Amino acid sequence: MKELFRKCWHGLFALYIFIYLPWFFYVEGLTDLNFTEIHCFLDDLIPFEEVFIIPYILWAFYVLAACVFLFFKEERGMFLRYAITLTGGMSIAMIIYMIFPNCVNLRPDVLTNNTVFSRVVAQLYAIDTSTNVFPSIHVLNSIIVCVALEKNKTFKKFPILRVLNVVLAVSICLSTLFLKQHSVLDGLGSVVLYAVLYLALYVPDWKIFRGTEILVPDKKTDVDVVTDVVTG
């Protein structure tokens with residue numbers, strides 16, 4: 001058990017979901033606050049497009065798949081950078097929501113199209129309020145995942161996946177605007193937040209991130225083992 005923990009302790013970051021979800025739904029339930037409306041003139045130029053519900057929903061699968069892939073295929077130091085950026089960024093966003101309650105008022109009053117996409121958007125509007133939007137966690141996480149995958153040595157070997165990675169990340173970011181879930185300012189806030197996190201976690205050579213162990217499958221036993229990877 002001790003050896004297993006030594007190999008896989010960085011996977012404990014997955015437990016953050018049990019902190020984030022209760023925290024998110026608690027803040028979502030705070031509706032009697034003095035919300036500041038987030039809006040800029042660019043928001044009025046962007047049309048509502050219900051088809052963007054597809055990448056918007058794919059966001060959750062995108063983040064989950066990236067976490068699993070990077071856990072097994074990323075050097076431990078780089079995985080820690082990714083995990084701390086992801087959980088730290090979401091936590092900072094939640095703190096901002098609590099000290100600076102904000103909202104958007106961009107959603108269409110009526111969804112006129114009776115399509116599958118329109119019905120799914122209606123369900124989204126019903127369960128997700130238009131509050132707690134700045135910065136956008138959808139945009140923030142998409143940038144974090146996209147950059148982390150692009151930095152991964154294994155992922156770089158698959159050019160088609162790299163293209164799909166960028167296309168999906170950009171589509172998710174755009175979906176927040178075309179579904180009228182977020183303002184352009186929310187996305188820009190996420191970009192700034194990510195830049196700060198990147199400069200703090202990826203640029204300095206922190207000692208905690210120098211580990212190069214990586215879980216790789218042993219071809220003889222089909223069991224994941226820890227191997228030292230030499231980095232340049």
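**Entry 1: the cysteines**

I began with Cys 173, whose sulfur lies 8.4 Å from the closest cysteine sulfur, in Cys 146, and this is too far for a bond. I noted for every entry here that the model is a predicted one. For the step from distance to bond I needed the cut-off, which asks for two cysteine sulfur atoms within 2.5 Å. I then looked up the whole structure, and the search finds 0 disulfides. Cys 146 is in no disulfide, and its nearest cysteine sulfur is that of Cys 173, 8.4 Å away. I also checked how accessible Cys 146 is, and at 13% relative accessibility I wrote it down as buried, because buried means under 20%.

**Entry 2: the two helices that hold these cysteines**

Which residues of α6 meet residues of α7? On the α6 side I listed His 138, Val 139, Ser 142, Cys 146, Leu 149 and Glu 150, and on the α7 side Arg 162, Asn 165, Val 166, Ala 169, Ile 172, Cys 173 and Thr 176. Sorted by class, the contact of α6 with α7 has 7 nonpolar, 4 polar and 2 charged residues.

I next looked up how the helices are placed, and found that α6, residues 137-151, and α7, residues 159-178, pack at an angle of about 170° with their axes 9 Å apart. This makes α6 roughly antiparallel to α7, because angles over 145 degrees count as roughly antiparallel.

**Entry 3: the loop before α6**

I moved back along the chain to the loop between α5 (116-127) and α6, where I found Pro 135. The peptide bond that joins Phe 134 and Pro 135 is cis, with omega at about 0°.

In the loop between α5 and α6 I also found Asn 132, which has a positive phi of about 55° although it is not a glycine. Is Asn 132 buried or exposed? Its relative accessible area is 9%, so I recorded Asn 132 as buried.

**Entry 4: a contact from α2**

Asn 132 came up again when I looked at Glu 28, which is found in helix α2, residues 17-28. Not counting residues up to four places away in sequence, Glu 28 touches Asp 128, Thr 129, Thr 131 and Asn 132. For one of these partners I wrote down both separations: Glu 28 and Thr 129 are 101 residues apart in sequence, yet 7.1 Å apart in space, C-alpha to C-alpha. Glu 28 has a relative accessible area of 9% and is therefore buried.

**Entry 5: the loop after α7**

I then went to the loop between α7 and α8 (184-201), where Lys 180 lies. Lys 180 has a positive phi of about 65° although it is not a glycine, and with a relative accessible area of 8% Lys 180 is buried.

What does Ile 46 contact, leaving aside its neighbours within four places in sequence? I found Leu 177, Phe 178, Lys 180 and Val 184. Ile 46 has its place in the loop between β1 (36-37) and α3 (53-73), and its relative accessible area of 16% makes it buried. Between Ile 46 and Lys 180 I noted 134 residues in sequence and 8.6 Å in space, C-alpha to C-alpha.

**Entry 6: aromatic rings**

Before turning to the rings, I reminded myself that a pair of aromatic rings is described by the distance of the centres and the angle of the planes. The count comes to 10 aromatic pairs. One that I looked up is Phe 71 with Phe 72, whose ring centres are 5.0 Å apart and whose planes stand at 85°, so this pair is edge-to-face. Phe 71 is buried, with a relative accessible area of 14%, whereas Phe 72, at 31% relative accessibility, counts as partly exposed.

For Phe 79 and Tyr 82 I found ring centres 6.1 Å apart and planes at 55°, so I entered that pair as tilted. Phe 79 and Tyr 82 both lie in helix α4, residues 76-99, and are 3 residues apart, about one turn of the helix. I checked their accessibility too, and both Phe 79 and Tyr 82 are buried.

My last note on rings concerns Tyr 16, Tyr 20, Phe 24 and Phe 25, which ring pairs link into a cluster.

Key:
Residues numbered from 1 in each chain as written. Predicted model: local features only at pLDDT ≥ 70, side-chain atom pairs only at ≥ 80, totals over all residues. Heavy atoms only, no water. Axes fitted to C-alpha atoms, helices over the stretch in contact; angles between N-to-C directions. Helix = DSSP H or I, 4+ residues; strand = E, 2+ residues; numbered from the N terminus. Parallel < 35°, antiparallel > 145°, perpendicular 65-115°, else oblique. Contact = heavy atoms within 4.5 Å. Nonpolar A, V, L, I, M, F, W, Y, C, P; charged D, E, K, R; others polar. Phe/Tyr/Trp six-rings, centres within 6.5 Å; stacked < 30°, edge-to-face > 60°. Buried < 20%, exposed > 50% of the residue type's maximum accessible area, 1.4 Å probe, protein only.
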